[in-house]
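Subject: Structure for you to look at

Hello,

Here is the structure I said I would pass on. Please open it first, and then read the notes below it.

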Number of protein chains: 2
Amino acid sequence: MKSYSFAEENYLKSIHSLSFGQPEGVSTNSIARLLNTKASSVTAMIGKLHTKELVSYEKYKGVTLTPEGEKIAIGVLRKHRLWEVFLVDKLDFKWDEVHEVAEQLEHIRSVQLTDRLDKFLGEPKFDPHGDPIPSSDGVYRENQPTCLLSDLNVGDQGVVVGVLDSSKEFLRFLSDKDLLLGTQFSVVKLFEYDESREIKFDDRTESLSQRVSTNIKIKRL
Amino acid sequence: MKSYSFAEENYLKSIHSLSFGQPEGVSTNSIARLLNTKASSVTAMIGKLHTKELVSYEKYKGVTLTPEGEKIAIGVLRKHRLWEVFLVDKLDFKWDEVHEVAEQLEHIRSVQLTDRLDKFLGEPKFDPHGDPIPSSDGVYRENQPTCLLSDLNVGDQGVVVGVLDSSKEFLRFLSDKDLLLGTQFSVVKLFEYDESREIKFDDRTESLSQRVSTNIKIKRL
DNA sequence: AAAAAAAATTAGTCTCGTCTAAAAAAAGTC
DNA sequence: GACTTTTTTTAGACGAGACTAATTTTTTTT
């Protein structure tokens with residue numbers, strides 16, 4: 001098993017995240033912006049990754065990941081998101097405090113560690129921001145941008161990623177219903193009359209008023 | 001809060017661990033041996049740490065940590081040992097598999113993380129090897145080298161750190177008695193007749209045959 | 001106390017990842 | 001199509017941290 005430096009892993013991760021909807025390749029400047037470095041540094045690193053056959057590259061065109069490069073990027077992403085779950089679920093971090101620490105933890109090298117952490121956390125499918133966690137063989141599907149539960153129609157599926165109304169009362173209401181961050185659900189009924197919805201999750205069905213569903217941020221699945 | 005490189009932290013940690021019973025200062029070669037580097041690299045780093053006032057140093061004499069340097073070294077040690085507990089208690093690592101991973105985790109920078117991890121683990125006082133975990137304000141007492149439970153006399157205290165006989169049967173016996181790794185105990189009676197001992201732990205008293213106590217590795221407290 | 005051995009330091013080099021400044025290529029504009 | 005602006009690449013340098021080889025200091029041996 002080859003192993004890569006923090007810097008290399010960060011570049012691969014950045015290229016991966018910028019690749020979405022960019023089949024042409026990712027631009028040097030966009031990588032530099034994301035990593036807070038200069039374009040010249042990016043060019044240098046791209047050359048290095050190219051030599052190692054982790055990216056495809058032609059001067060002045062963009063870069064794309066090779067299958068090997070993508071595998072590494074997804075591995076880092078998996079670790080990042082698993083650690084975020086750990087920090088939030090086990091150490092009671094708020095989900096907006098975890099990023100910086102997870103940026104460090106994602107580079108810890110140990111296959112055993114990652115897989116055991118995954119089991120320990122109950123093999124979660126989503127991180128605290130609602131982003132999907134790649135499986136150990138690198139399979140996952142990046143999901144849609146955030147929208148509201150009230151945007152969904154019958155048959156749509158989603159995962160809870162946040163709230164608009166963060167009052168004690170509302171959070172209490174959600175926790176009474178077991179509608180926690182990361183809960184996956186599908187919309188089974190929609191009553192035009194009052195815009196209330198029935199959703200199914202954890203093998204239960206619950207009815208939510210329009211008031212409630214306009215205050216829950218979700219991502220489509 | 002200043003922050004230090006992985007390399008700096010590793011040197012400080014090494015100097016700290018070599019300082020035990022060396023009030024004269026630690027030798028360049030001993031550090032090089034411990035870190036698998038060359039003496040010249042050590043000299044260079046010592047110069048750097050000296051400039052930052054983390055070590056006291058005079059050419060050709062040894063190095064010692066300043067109070068600031070020691071604070072940092074103990075902080076790293078605390079993180080290392082807490083992560084070892086996490087790996088063994090939560091992720092079911094064997095206690096001889098944890099070192100390499102903990103060497104990486106000990107450098108994660110986040111005071112919040114360390115303190116929350118400590119709480120999550122139940123504020124353990126010893127790591128899986130029986131070494132004491134420094135408190136967040138840096139207080140701890142390094143303990144004695146390993147000996148056998150059969151070496152202890154009435155009134156002595158110790159902590160279980162391993163076994164000589166690692167057969168299924170013996171490990172089963174120990175787990176039936178709740179004599180786990182990390183258990184702290186004191187010897188309350190010693191019967192000269194058969195060399196059996198009564199030990200007290202977790203508010204219980206148990207009697208151990210000579211056979212048993214010669215197979216349990218402990219550290220004195 | 002002189003010679004030999006061991007330990008520590010200096011001098012000079014290397015790789016990694018970054019930077020600035022300058023040059024070259026691509027894209028946008030009139 | 002020529003000119004300007006933006007993007008990208010090259011050239012050259014630097015700091016961190018490691019190395020080898022040579023030198024100096026300390027310690028040990030006789």
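A polar contact is a pair of N or O atoms within 3.5 Å; within protein, one of the two must be able to donate a hydrogen and the other to accept it, and residues adjacent in sequence count only if both atoms are side-chain atoms. One example is the side chain of B:S40, where an N or O atom lies 2.9 Å from a base oxygen of DNA strand D.

Some ground rules come next. The model is predicted, and local features need pLDDT of at least 70, side-chain atom pairs count only at pLDDT 80 or more, and totals for chains, interfaces and linings use all residues. Residues are numbered from 1 along each chain as its sequence is written, chains are lettered from A and ligands numbered from 1 in the order in which they are written, and side-chain values use heavy atoms, with hydrogens and water left out.

DNA strand D

A residue is near a strand or molecule if one of its heavy atoms lies within 4 Å of it. There are 20 residues around DNA strand D, and A:Y57, A:K59, B:S5, B:S41 and B:K48 come nearest. Which parts of the strand face the protein? Of the atoms of DNA strand D within 4 Å of the protein, 80% belong to sugar or phosphate, and the rest belong to bases.

Two side chains of chain A reach phosphate oxygens of this strand: A:T28 has an N or O atom at 2.9 Å, and A:T43 has a polar atom at 3.0 Å.

Helices (H or I, at least four residues) and strands (E, at least two) are DSSP runs, numbered from the N terminus. At least two residues of the surface near DNA strand D come from each of α2 (28-35) and α3 (39-51) of chain A, and α1 (6-18) and α3 (39-51) of chain B. The most comes from α3(B), with four residues.

For residue classes, Ala, Val, Leu, Ile, Met, Phe, Trp, Tyr, Cys and Pro count as nonpolar, Asp, Glu, Lys and Arg as charged, and the others, Gly among them, as polar. The surface near DNA strand D has seven nonpolar, ten polar and three charged residues.

DNA strand C

Around DNA strand C there are 20 residues, of which A:S5, A:S41, A:K48, B:Y57 and B:K59 come nearest. Of the atoms of this strand that come within 4 Å of the protein, sugar and phosphate account for 82%.

Backbone atoms also reach phosphate oxygens of DNA strand C: a polar one of A:K38 at 3.0 Å, an N or O atom of B:N29 at 2.8 Å, and an N or O atom of B:Y60 at 3.1 Å. The elements that give two or more residues to this surface are α1 (6-18) and α3 of chain A, with α2 (28-35) and α3 of chain B. Here α3(A) gives the most, with five residues. By class, the surface near DNA strand C has eight nonpolar, nine polar and three charged residues.

The two protein chains

Copies are superposed by least squares on the C-alpha atoms of residues with pLDDT of at least 70 in both. A turn of 179° and a shift of 0.0 Å along the axis lay chain B on chain A with an RMSD of 0.4 Å. The two copies are therefore related as by a two-fold rotation axis. Contact means heavy atoms within 4.5 Å, and 100% of the contact residues of chain B recur in chain A, so the same surface serves both copies.

Aromatic rings

Rings of Phe, Tyr and Trp (its six-membered ring) pair if their centres lie within 6.5 Å; planes under 30 degrees apart count as stacked, over 60 as edge-to-face and the rest as tilted. How many aromatic pairs are there over all chains? A search of the whole structure finds ten.

One of them is A:F86 with B:F120, edge-to-face, 6.1 Å centre to centre and with 85° between the planes. This pair joins two chains, because A:F86 lies in helix α4 (residues 67-90) of chain A and B:F120 in helix α6 (residues 111-120) of chain B.

Is A:F86 buried or exposed? Buried means under 20% relative accessible area, exposed over 50%, and partly exposed in between (1.4 Å probe, protein chains only). A:F86 has 0%, so this residue is buried, whereas B:F120, at 22%, counts as partly exposed.

A:F120 and B:F120 also form an edge-to-face pair, 6.4 Å centre to centre and with 65° between the planes. Ring pairs link A:W83, A:F86, A:F120, B:W83, B:F86 and B:F120 into a cluster.

Regards
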